[in-house]
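Hi,

Here is the structure we talked about, for you to open on your side. My notes on the internal spaces follow below it.

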Amino acid sequence: MNTLAETLPVATADAEAAGTIETSTGTAEVFRSARAIAPGVWRATFAGEARDARYYEVIEQTLPEKFDYRYLVLHNAQTGQTAVQPFFYIAQDLTDGLPQNIRRIVARVQEKFPRFLVMRVLMVGCAVGEGQVACAESWAIEALGEALAVVARRARASVIVFKDYPSRYRETLEPLRAHGYCRVPSMPASKADLDYKDFDDYMQRRLGKVFRKNLRRKFRASEEIGRPEMTVCEDVSAIIDEIYPLYKQTLARAEFSFEELTPEFIARIGREMPDKARFFVWRMEGKIIAFNFCLLGDGVLYDMDIGLDYSVALDLHLYFVTWRDVFNWAIKNGVRTYYTAPLNYDPKLHLRLELAPLDLYIRHTSRFINPAFRLAMGFLQPARHHPILKKFPNWDQL
């Protein structure tokens, strides 16, 4: 039986090879693989970022099932500049991330109309993590807006989405409004500045008295069972069979997941990006009971994914134990900011993390449908329906 993704329209090779796309500033071309792009141009893409060109290559080669990857190469005819913008296609249910009561109503409709609110979406950005802008200059953003309209039409995509772009890009991406896009809040990330001596200092100066007391009680209860030993490494290839089941356990308990990592992805990130990848591994009596996959770049530690052994995780309060240990390592190693992925907001609220807004830029490819679609996005945006988010002091920044 075909999956829904397989039954949605796809871009044919002939359609995408239909020729160079003309833009007001030059030309654009679509490539199906990063390997097809001139190495010098591709390697310069996102250079210096925690998620650089190598990261996108690993995603393309190890997560092939859900996403259909492409790369848009923009050329400036006047200056000779070139910029590369990764994107991908996905069959997306637009109600993902909304409250269960709304999704149940939509699910009843989808029993008779399987394609209702499920569209082939062209997503600009990164399939595993936040979006990045390869070139922030006005010519590149203008060319991007023009070229994507052509690419989406050829691929018969219904919607174009710039996925999870940090708020620092708002001024850069503002010109997209002239191309019919609206900006709506995505589920935000969260962060903490690390201007503290250690985690104890953070607790004393940052956390409320009640939660601080609660945390110390958790740590004492954990230590009565045993104190897990943490090690840090760049490559987990040798232990992937031990840590991947922990990732799967944690993924199964997640309230929402956009992607599912593979063992090959986790192993290759460490091998191919040893300067950026950091894996924190906790053992007790020689057995691995937790791991945390992070990326390190420009003084920021990006907490990407965690895996816990739930046969002991709750008794050992592993979520908070691992957070404390990573926090202490980061301070000791000169990290300025701890930055964690979206969701799981309740403990982050109590830990007094600050929201880090992420934006979606969305438009329907039909100029007749787009006005109504933009209005609908005002209601369908997931952040609007999450009750805990409104309790964060900087909620209004979303």
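I went looking for enclosed spaces in this predicted model, and there are 3 cavities of 30 Å³ or more.

The largest cavity holds about 70 Å³ of space. If you want to find it, look for the aromatic residues Tyr56, Tyr69, Tyr71, Phe87 and Phe88, which are among the residues lining it. The lining also includes Ile59, Pro86, Gly125, Cys126 and Ala127, along with Glu60 and Arg70. Helix H4 (53-62), strand E3 (68-76) and strand E4 (82-93) are the elements that each give two or more residues to this lining. Sorted by class, the lining has 9 nonpolar residues, 1 polar and 2 charged.

The second largest cavity comes in at about 60 Å³. Its lining takes in Leu74, Ala83, Val84 and Gln85, then Val133, Ala134 and Cys135, and finally Ala140, Ile141 and Leu144. Here the elements giving two or more residues are E4 and helix H6 (138-155), so E4 is on the corresponding list for both cavities. By class, this lining has 9 nonpolar residues and 1 polar, with no charged ones.

One other spot to look at is Arg168, in the loop between strand E6 (159-166) and helix H7 (170-173). Is Arg168 buried or exposed? With a relative accessible area of 54%, Arg168 counts as exposed, because the cut-off for that is over 50%. Its C-alpha atom is 9.8 Å from that of Asp359, although the two residues are 191 apart along the chain.

Cheers

Terms used. Residues are numbered from 1 along each chain as its sequence is written. This is a predicted model: local features need pLDDT of at least 70, side-chain atom pairs count only at pLDDT 80 or more; totals for chains, interfaces and linings use all residues. Side-chain values use heavy atoms; hydrogens and water are left out. On a 1 Å grid over the protein atoms alone, a cavity is a set of points where a 1.4 Å probe fits but cannot get out, and a pocket is an open set with protein on both sides within 12 Å along at least five of seven lines; lining residues have an atom within 4 Å of a point. Grid points are joined across faces, edges and corners, and a volume is the space filled by probe spheres set on the points. Helices (H or I, at least four residues) and strands (E, at least two) are DSSP runs, numbered from the N terminus. Ala, Val, Leu, Ile, Met, Phe, Trp, Tyr, Cys and Pro count as nonpolar, Asp, Glu, Lys and Arg as charged, and the others, Gly among them, as polar. Buried means under 20% relative accessible area, exposed over 50%, partly exposed in between (1.4 Å probe, protein chains only).
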